[in-house]
Amino acid sequence: MTNREIAEIMDRIADILEIKEDNPFKIRAYRKAARSICHLDEDINYLYKLNRISEIPGVGKAVKSKIEELLEKGNCEYYDKLLLDVPSGVLEMLSIPGIGHKTVKLIYEELGINNIDDLLKAAQNKEIRKIPGVGGKTEYNIKKGIDLLKKRTGKVTLGLALPLAEDFLDHIKESRAVQRACIVGSVRRGKSLVGDIDILVAANDYSRVYQKVSTYKSVRSISSKDSKHIKGKLIYQIDFEIIIVDPDDYFYSLVWTTGSKEHRNALFKGINPAEFSRVESEKDVFRKLGLNYIPPELREDQGEIEKASNNQLPKLVQENNLKGDLHVHSDWSDGAHKINEVVDVAKTMNYSYIAITDHSKSLPISGGLNEERLSAQGKVIDGLNKNQKDFQILRGIEVDILKDGQLDFSDDVLKNLDVVVASVHSNFKLEGEKQTQRIIRAIKNEHVDIIGHLTGRLLNRRSAYELDIDKVLEAAADNKIILEINSHPDRLDIDEVIAKKARDYGIKIAINSDAHHKEDLRLVKYGVINARRGWLEAENIVNTWDKEALLDYLNK
DNA sequence: GCCGTTTTCGGCCCGACTGTTTTCAGTCG
């Protein structure tokens, strides 16, 4: 079992205990264990072998024994028993945004509804509002929530799919029958949500490829196979397809299977594939078409083919262009690590600066800083900086944008900081014009440098809030405000469409990790992919600049 | 169920908003 599978079971246990109204602190303990297992840098099987499971934060005697049982036997008696108490459909109802375990339990007990489909029917028939304490508004939210849920069915985040695809690819490449292999399709293009994992394989011996694929540890089932394709399901219910081609056709097929349908149709219109037999590289395929090499992230038929024929493609930003990170949390608020621990990881990434931007006081759940603690943190950072060589910790804050667009700190406090990231963490449901004016007011504050996760979307969980993007971009451009690409794979906010638009407005971008755990600094990988999909070059991204140029820009 | 220590029990993140009622419970971040 993988770390993530174990973590999901711990979360599931917490869900069931919530429905059963067990001790809230016990529930929190299971959630905490799930989170820290998710964040482990090491394989939990490896920790188990070394007898180091109890070193995981939040894992005590009871959780440890359950993890060990799961790793040894693949199941756990306590969990199996709990599953008998609550129907699986009721647990699925918990994933509907806007209703929690209390409401789910109430609906289950009062109406006997135990699955999402019946719940939707009951909501449509106005049955839910008959329960005392539940009204028409909740009923409406249930319908809307289920609608959102249905839309996301089958798609998973790149953050889940890419590491799995890479691991699968490594496994396939171990086979001597495989001459070449590559991840293709939407995963290679770096879409933030993907429907499946596609891998192209060049091989002559199909049966040996099948043999290799079928022994991959995360394959759960195989639904069809022939000499050209193997299809099935991986863990987390992710579909996969292995496309097997003759080695002579590999590079042509690589281009064919990577681009979106629209892209490849435009690319190969009226062209005989036989012309591309035995070409030596992907670049050669494009050359034969009279085009520059088009990076996978751009192969979406958004004008890239024309640009490739005119030598006008952008020189896309790369991960190794990044010199720092401007949105990082520490244990001064809801981050897991001390500032110096985060700095140590940043140095391994060859960064020369990071900004520590903990939450501000309006977010008490996150242990947000008040003026006194912010000032104390500043002194700690100054002290740490004295011992740094070729590295600087910038003093920052992720300051809350309040409901009316005012900030959570006064100008007198903000003016002393190197980096001010302003973000929305409340009142997501404001009507569009008010939301727009709220953010523009923050943009106009002279001390604000960056707007964090501008649209507030959470992939598969929460839509972006209502916002007039053009008005916001205009204001950002006028006020020399940097927009963040938040790299967390559940956010990727701003998305590639807004990023491209922002570039056209002349707005600078920061690719930030928003790390709450030291290892999460590496999530910028996804931010970079997103930026590339938005046609951004290194010069558009302020944290590819060296420290002097950056500070100069921040001081405007 | 975990954790820490003036250590084997007592405390554990909390405020705002929403919806349903009319003073509060549920949900979210």
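The following paragraphs describe the overall form, the nonpolar cores and selected backbone features of chain A in a predicted model. Residues are numbered from 1 along each chain as its sequence is written, and chains are lettered from A in the order in which they are written. Local features need pLDDT of at least 70, side-chain atom pairs count only at pLDDT 80 or more, and totals for chains use all residues, while side-chain values use heavy atoms, with hydrogens and water left out.

Chain A contains 24 helices and 14 strands, where helices (H or I, at least four residues) and strands (E, at least two) are DSSP runs numbered from the N terminus. The C-alpha trace spans about 70 × 60 × 55 Å along its principal axes. The radius of gyration of chain A is 25 Å, in agreement with the value near 24 Å for a compact globule of 556 residues; this quantity is taken over C-alpha atoms, and the globule rule is 2.2 Å times the number of residues to the power 0.38. Of the 556 residues, 52% are buried. Buried denotes under 20% relative accessible area, exposed over 50%, and partly exposed the range in between (1.4 Å probe, protein chains only).

In soluble globular proteins, nonpolar side chains tend to be buried together. The largest nonpolar core of chain A has 60 residues, among which I397, I451, L454 and L483 touch the most other members. Such a core is a set of buried Ala, Val, Leu, Ile, Met, Phe, Trp, Tyr and Cys residues joined through side-chain atoms within 4.5 Å. Apart from this core lies another, of 46 residues, including M10, C76, V90 and I99. Beyond its neighbours within four places in sequence, I451 is in contact (heavy atoms within 4.5 Å) with I401, A422, I443, I481, I482, L483 and E484.

I243 belongs to strand β7, residues 239-245, and is buried because its relative accessibility is 14%. Its contacts, neighbours within four places in sequence excluded, are V184, D198, I199, L200, V201, K228, H229 and T257.

Most residues other than glycine have a negative phi, and most peptide bonds are trans. A cis peptide bond, with omega about 15°, joins D493 and I494; I494 is situated in the loop between β13 (482-486) and α22 (496-504). Positive phi values occur at D301, near 55°, and at N350, near 65°. D301 lies in the loop between α15 (282-288) and α16 (304-309) and is partly exposed, at 37% relative accessible area. N350, in the loop between α17 (339-348) and β9 (353-359), counts as exposed at 67% relative accessibility.
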